[in-house]
Amino acid sequence: MYQKCVENYPHNWDKSCVQQKNALTKCSEENVGILKYVKEHCSKQVKDYDSCLSANQSEPEKCIQALKELYFCTETTSAAYRQQHQPTQDVTAEKK
């Protein structure tokens with residue numbers, strides 16, 4: 001959204017796209033941890049997929065298996081991250 005806004009308002013994007021910029025900033029702040037975590041835990045799958053795409057530029061469909069492995073890694077890893085980083089509830093606050 002932010003990029004599209006900047007493209008649509010090339011001469012005054014800094015004033016016209018404040019809302020989109022704020023949304024992007026909030027999204028990044030909330031999700032950067034998970035991105036870093038996935039990148040660390042799926043680095044082999046990312047590398048394998050990138051290598052496959054580089055080797056098969058004219059036939060990217062040959063990389064479907066590598067893409068599936070990357071997808072499953074990111075899904076599993078992001079679920080694990082979310083589970084580890086769930087907000088804990090204050091039991092004493094609930095009793096009051």
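**Disulfides**

In this predicted model, the count of disulfides comes to three. Counting the bonded cysteines along the chain, their pairing follows the pattern 1-2, 3-6, 4-5. The tour visits each pair in turn.

**Stop 1: C5 and C17**

Select C5 and C17 and display their side chains. A disulfide joins the two residues, with an S to S distance of 2.0 Å. The torsion about the S-S bond is -90°, and the link of C5 and C17 is left-handed. Now colour the backbone by helix: C5 lies in α1 (residues 2-8), whereas C17 occupies the loop between α2 (13-16) and α3 (18-41), so the bond ties together parts that are 12 residues apart in sequence. With a surface displayed, are these two cysteines buried or exposed? C5 has a relative accessibility of 7% and counts as buried; C17, at 1%, is buried as well.

**Stop 2: C42 and C73**

Next, select C42 and C73. These residues form a disulfide with their sulfur atoms 2.0 Å apart. The link of C42 and C73 is left-handed, with -95° about the S-S bond. C42 is located in the loop between α3 and α4 (43-55), and C73 belongs to helix α5 (residues 64-84), so this pair ties together parts that are 31 residues apart in sequence. C42 is buried, at a relative accessible area of 0%. C73 also counts as buried, at 12%.

**Stop 3: C52 and C63**

Move the selection to C52 and C63, which a disulfide joins at an S to S distance of 2.1 Å. Which handedness does the torsion about the S-S bond of C52 and C63 give? The torsion is about -95°, so the disulfide is left-handed. The pair links distant parts of the chain, 11 residues apart: C52 sits in helix α4 and C63 in the loop between α4 and α5. C52 has a relative accessibility of 16%; because the limit for buried is under 20%, C52 counts as buried. C63 is likewise buried, at 1%.

For a further cysteine, select C27. C27 counts as partly exposed, with a relative accessibility of 39%.

**Stop 4: N56 and the loop between α4 and α5**

Return to the loop that holds C63 and select N56, which is also placed between α4 and α5. N56 counts as buried, at 17% relative accessibility. Which residues is N56 in contact with, once its neighbours within four places in sequence are left aside? The contacts of N56 are with K62 and C63. One of these, C63, is the disulfide partner of C52; the other, K62, leads to the next stop.

**Stop 5: salt bridges**

The structure holds two salt bridges. Select K62 together with E59: their side chains meet in a salt bridge, at 3.2 Å from N to O. K62 counts as exposed, at 51% relative accessibility, while E59 is partly exposed, at 33%.

Finally, select K44 and D48 in helix α4. K44 forms a salt bridge with D48, and the closest N and O atoms are 2.6 Å apart. How are the two residues spaced along the helix? K44 and D48 are four residues apart in α4, which means that about one helical turn separates them. K44 is exposed, with a relative accessibility of 55%. D48, by contrast, is partly exposed, with a relative accessible area of 32%.

Note on methods
Residues numbered from 1 in each chain as written. Predicted model: local features only at pLDDT ≥ 70, side-chain atom pairs only at ≥ 80, totals over all residues. Heavy atoms only, no water. Disulfide = S-S within 2.5 Å. Buried < 20%, exposed > 50% of the residue type's maximum accessible area, 1.4 Å probe, protein only. Contact = heavy atoms within 4.5 Å. Salt bridge = Lys/Arg side-chain N within 4 Å of Asp/Glu carboxyl O.
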